[in-house]
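Notebook open, coffee poured. Today I want to look up how the sheets are put together and how the helices sit against them and each other.

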Amino acid sequence: MTTREIVENIIAFSVDDRTSKLFEGLWPIQADGVTYNSYLIQDEKNVLIDLSSEFKSDVLMDAVSARVDLSRIDYVVVNHMEPDHSGALKALTRLAPNVQIICTPDATPMLDSYYSIRSHIREVADGEKISIGKRTLSFHHTPLVHWPETMVTFDESSGTLFSCDIFGGYGALPDRLYDSDLDSLDDYLKQALRYYSNILAKFSPQVSRMIEKLTRLAPRIIAPSHGLIWKKNPQLIVDLYRKWSDYVKGDNEPRATLIYASMYGNTANAMKAVVRGLTSVDVPVDVFNVAETHLSYILPSLWTNHGVVIGSPTYEGNIFPGIRHILMDAGAKRIFNKKAAFFGSWSWSSGALREIKAMVEPYQWDVTDALEFEGAAKESVLEQAEKLGAAFGRKLKTER
Ligand code: FEO
């Protein structure tokens, strides 16, 4: 837990989670952790903005109660009902039975379905303002960033945007809370891109629209509910989120993501030749063995790069299962408009290429190059694989 007063009378509580293996029960976070950031504004009214997961309720309540008597909290702003932020709500309402919950109308039925809360709810319209004393808070609906009921909160006097999921990132860094606390932001920004590709990528059209809406507020501090608070250079995370959300339009980097699997090393041998071909024409390539790498770490590359090279042996007459899963998940995440190539070995029947073409056609992936070979990757196959890599690389550099 890191607690800091980010501006006078606005206190951040950044609750570290370094014990959960998976975020949303799906995305690995044990190596890097995640934070649930909650904020207390002390004015004539005491206002909490967003909370934490339920299993961190005690940690958060203890920290907040060191600053203010919990029974004197007037409002809790529930920007977003996903339980990584609302899970501590039951604990808070037990300790502060008169607290008013501020949320969007779409959050109200969720308060009932998740926590059987049906009273002390104040719904706010898009753009509505509430005076809490010297400060005025305004509320801005951001549907589908991340869920339909989501909104953000803006403190006009300090220019602080409490942005919830948008502008967030994975990563829990002890005692580091601000962008200015890190000598280099490189590692954190990799975690932020992984978070974006895992959590928000599917909603990129909405993210793009909301960035334009929220930047009209001209925030001076961006305080998300995961990861770093941006005080020194909030424009950096805004610009990156704009770039990442624009990838959905197909204007990706002229680089390649190579995903492969191999049963007995033959497709893996061809993979090395394909990589030689790509690098021979100066096209950077990220290589992932799908049997060893979680989807969470592959998605940032797939989201970012224009080219996808798929190496799959034929398995029982079809695509290798691990590759099928990745491609299905790519479609679910709306990873569309790619240029693609294929290579892979078959033993007693080909078939992987046929299934892959059928799978990626609805994603508007243009499969421009393919090499299916029987059995081992002999010298002649390796030559063809290297040529395939080079030809595909040239297309990535010159064609859209
Ligand atoms: Fe961090 Fe969509 O919750």
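**Entry 1, the mixed sheet.** I started with an open sheet of seven strands, whose pairing is mixed and whose order reads 1-2-5-6-7-8-9. Note to self: this is a predicted model. I checked the ends of that order next. Strand 1 (2–7) and strand 9 (121–123) are the edge strands; each has a single partner strand, so one side of each has no neighbour in the sheet. For the twist, I get an average turn of 25° between neighbouring strands, with direction ignored.

Then I zoomed in on one pair. Strand 7 (residues 75–77) and strand 8 (residues 100–103) run parallel and are joined by three bridges. Which residue of strand 8 is the bridge partner of V76? I found I101 there.

What packs on this sheet? Helix 1 (residues 57–65) does, and I have it touching strand 1, strand 2 (10–17), strand 5 (34–42) and strand 6 (46–49). Against the direction of strand 2, helix 1 makes an angle of about 155°.

**Entry 2, the parallel sheet.** Next I looked up an open sheet of five strands, this one with parallel pairing and the order 16-15-17-20-21. At its edges I find strand 16 (285–289) and strand 21 (366–374), and since each has a single partner strand, one side of each is left without a neighbour in the sheet. The twist here averages 15° from one strand to the next.

I picked the pair at the strand 21 end for a closer look. Strand 20 (residues 339–346) pairs with strand 21 in the parallel sense, and I count eight bridges for the pair. Going residue by residue, I noted that F342 has A370 of strand 21 as its bridge partner.

Which helix packs on this sheet? I have helix 11 (residues 352–360), in touch with strand 17 (305–311), strand 20 and strand 21. The direction of helix 11 makes about 155° with that of strand 20.

**Entry 3, two helices.** Last lookup: helix 5 (residues 186–200) against helix 9 (residues 295–304). Their axes are 8 Å apart and the packing angle is about 90°. Anything from 65 to 115 degrees counts as roughly perpendicular, so helix 5 gets that label relative to helix 9.

Who makes the contact? On the helix 5 side I listed L193, R194, S197 and N198; on the helix 9 side, S296, Y297, L299, P300 and W303. Sorted by class, the contact comes out as five nonpolar, three polar and one charged residues.

Notes
Residues are numbered from 1 along each chain as its sequence is written. This is a predicted model: local features need pLDDT of at least 70, side-chain atom pairs count only at pLDDT 80 or more; totals for chains, interfaces and linings use all residues. Two strands pair if DSSP finds at least two bridges between them. Helices (H or I, at least four residues) and strands (E, at least two) are DSSP runs, numbered from the N terminus. Axes are lines fitted to C-alpha atoms, for helices over the stretch in contact, and angles run from 0 to 180 degrees between N-to-C directions. Two residues are in contact if their C-beta atoms, placed from the backbone, lie within 7 Å. Angles under 35 degrees count as roughly parallel, over 145 as roughly antiparallel, 65 to 115 as roughly perpendicular and the rest as oblique. Ala, Val, Leu, Ile, Met, Phe, Trp, Tyr, Cys and Pro count as nonpolar, Asp, Glu, Lys and Arg as charged, and the others, Gly among them, as polar.
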